[in-house]
Amino acid sequence: MKTFTISNLKGGVAKSTSTVNTAYSFSLLGKRVLVIDLDPQCNTTRFFAKVNKSGCTIQDVLADASKIKKAVRRTQYRDIDIVRGCPELNEDWDTGRLEAALELIKDRYDVCVIDTRPSFEALTMNAAMASDVLLTPVKFDNFSRDNLALVEDFYEEMRRYKDGLEWKVFAVMAANTRAQRKASADLLKKHDYPVMDTCISRTADVDNALSFYKPVMRHRRKSTAASDYMELARELLG
């Protein structure tokens, strides 16, 4: 099982949106996918399950790794399961809890995608410790560009504890504007960040799909963003 943690210290950069859409794209590529909602806002859970439904959540898994099998729930989408988020999620956990839990079910899935909150604390460290790739969505603007230095510091810190952890950066809400062209040129030419080839286009289809709690591919199959997320999934698997 290859595990991706979608994380950024900055909010509003489509972490949950990218979690949902990459997971759905992986499933369309024939992969068995597990989604873990590690953000107390539970935005990803709302796409796949009821937030307040009874039963085990990620909180229970972090308290007792053996509960991971009971916490996994089927979703309405073929080949996608989820461990639901918890609004009262406790942040005070040892950083190896999630890794121990995923070890118990790693043979069931091809891919695991973990959504995180915009904070580099114990929950995000748990996710990174359990992952193969730290995946960072970023907008091509100066604020997001400057924030990447902080993400890089977190990644370098995690490499001390997680051997082989990779870091990949991809652009979201990409538009052909002068400001974005300037910011992207600076990002690519002046910094040695591991920026992926695929960019996710800015389109109203993404916002419309969000309003219906659907992956954009499910909402509008021929959308540019839907094609972008499919290409991103292929690049991540390639």
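Trainee: Why does Glu156 count as partly exposed?

Mentor: Good place to start, and keep in mind that this is a predicted model. Glu156 has 37% relative accessibility, and the partly exposed class runs between the buried limit of 20% and the exposed limit of 50%, so Glu156 belongs there. Its place is in helix α7, residues 142-159. Glu156 and Ala63 are 93 residues apart in sequence, and their C-alpha atoms are 27 Å apart in space.

Trainee: What makes Gly12 exposed?

Mentor: Its relative accessible area is 56%, and exposed means over 50%, so Gly12 passes the cut-off. You will find Gly12 in the loop between β1 and α1. Gly12 and Pro118 are 106 residues apart in sequence, with 9.0 Å between their C-alpha atoms.

Trainee: How do you know that Thr5 is buried?

Mentor: Thr5 has a relative accessible area of 0%, and buried means under 20%, so the label follows. Thr5 lies in strand β1, residues 2-6.

Trainee: What does the side chain of Thr5 reach, and what makes that a polar contact?

Mentor: The side chain of Thr5 reaches the backbone oxygen of Ala127 at 3.1 Å. A polar contact needs N or O atoms within 3.5 Å, with a donor and an acceptor, so the pair qualifies. Ala127 is itself one of the buried residues of α6.

Trainee: Why is helix α6 called mostly covered?

Mentor: Seven of the eight residues in α6, residues 122-129, are buried. They are Ala122, Leu123, Thr124, Asn126, Ala127, Ala128 and Met129.

Trainee: What makes Glu121 a cap of α6?

Mentor: A side-chain oxygen of Glu121 lies 3.0 Å from the backbone nitrogen of Leu123, at the N-terminal end of the helix. The limit for a polar contact is 3.5 Å, so the distance fits.

Trainee: Which residue caps the N-terminal end of α11?

Mentor: Ser223 does, with a side-chain oxygen 3.2 Å from the backbone nitrogen of Ala225. That distance too is within 3.5 Å.

Trainee: How do you know that the reach of α11 is close to what is expected?

Mentor: Helix α11, residues 224-237, has 14 residues and reaches 20 Å from its first C-alpha to its last, and 20 Å is also the value expected at 1.5 Å a residue. Its buried residues are Ala225, Ala226, Asp228, Tyr229, Met230, Leu232, Ala233 and Leu236.

Trainee: Why do Cys86 and Cys42 not form a disulfide?

Mentor: The sulfur of Cys86 is 6.6 Å from that of Cys42, its closest cysteine sulfur, which is too far for a bond. A disulfide needs the two sulfur atoms within 2.5 Å, so this pair fails. The structure holds zero disulfides. Cys86 is buried, at 10% relative accessible area, whereas Cys199 is partly exposed at 30%.

Trainee: What makes the phi of Cys42 worth a look?

Mentor: Cys42 has a positive phi of about 60° although it is not a glycine. Most residues other than glycine have a negative phi. Cys42 is found in the loop between β2 (33-37) and α2, and it counts as buried at 0% relative accessibility.

Trainee: Which value does phi take in Tyr213?

Mentor: Phi of Tyr213 is near 55°, again positive in a residue other than glycine. Tyr213 sits in the loop between α9 and α10 (216-219). At 41% relative accessibility, Tyr213 counts as partly exposed.

Trainee: Which residues are closest to the centre of the largest pocket, and how much space does that pocket hold?

Mentor: About 410 Å³ of space lies in the largest pocket. Of its 26 lining residues, Ala14, Lys15, Thr17, Met173 and Leu210 are the closest to its centre. At least two lining residues come from each of α1, α2, β7, β8 and α9. By class, the lining has 11 nonpolar, nine polar and six charged residues.

Trainee: What makes up the lining of the second largest pocket, by class?

Mentor: Three nonpolar, two polar and five charged residues. Glu99, Glu103, Lys106, Asp132 and Lys162 are among the lining residues, and Asp, Glu, Lys and Arg count as charged, so these five belong to that class. Helix α5, residues 97-103, gives the largest share of the lining, three residues. The volume of this pocket is about 170 Å³.

Notes. Residues numbered from 1 in each chain as written. Predicted model: local features only at pLDDT ≥ 70, side-chain atom pairs only at ≥ 80, totals over all residues. Heavy atoms only, no water. Helix = DSSP H or I, 4+ residues; strand = E, 2+ residues; numbered from the N terminus. Expected span 1.5 Å × (residues − 1). Buried < 20%, exposed > 50% of the residue type's maximum accessible area, 1.4 Å probe, protein only. 1 Å grid on protein atoms, 1.4 Å probe; cavity = no way out; pocket = protein on both sides within 12 Å on 5 of 7 lines; lining within 4 Å. Points joined across faces, edges and corners; volume = space filled by probe spheres on them.
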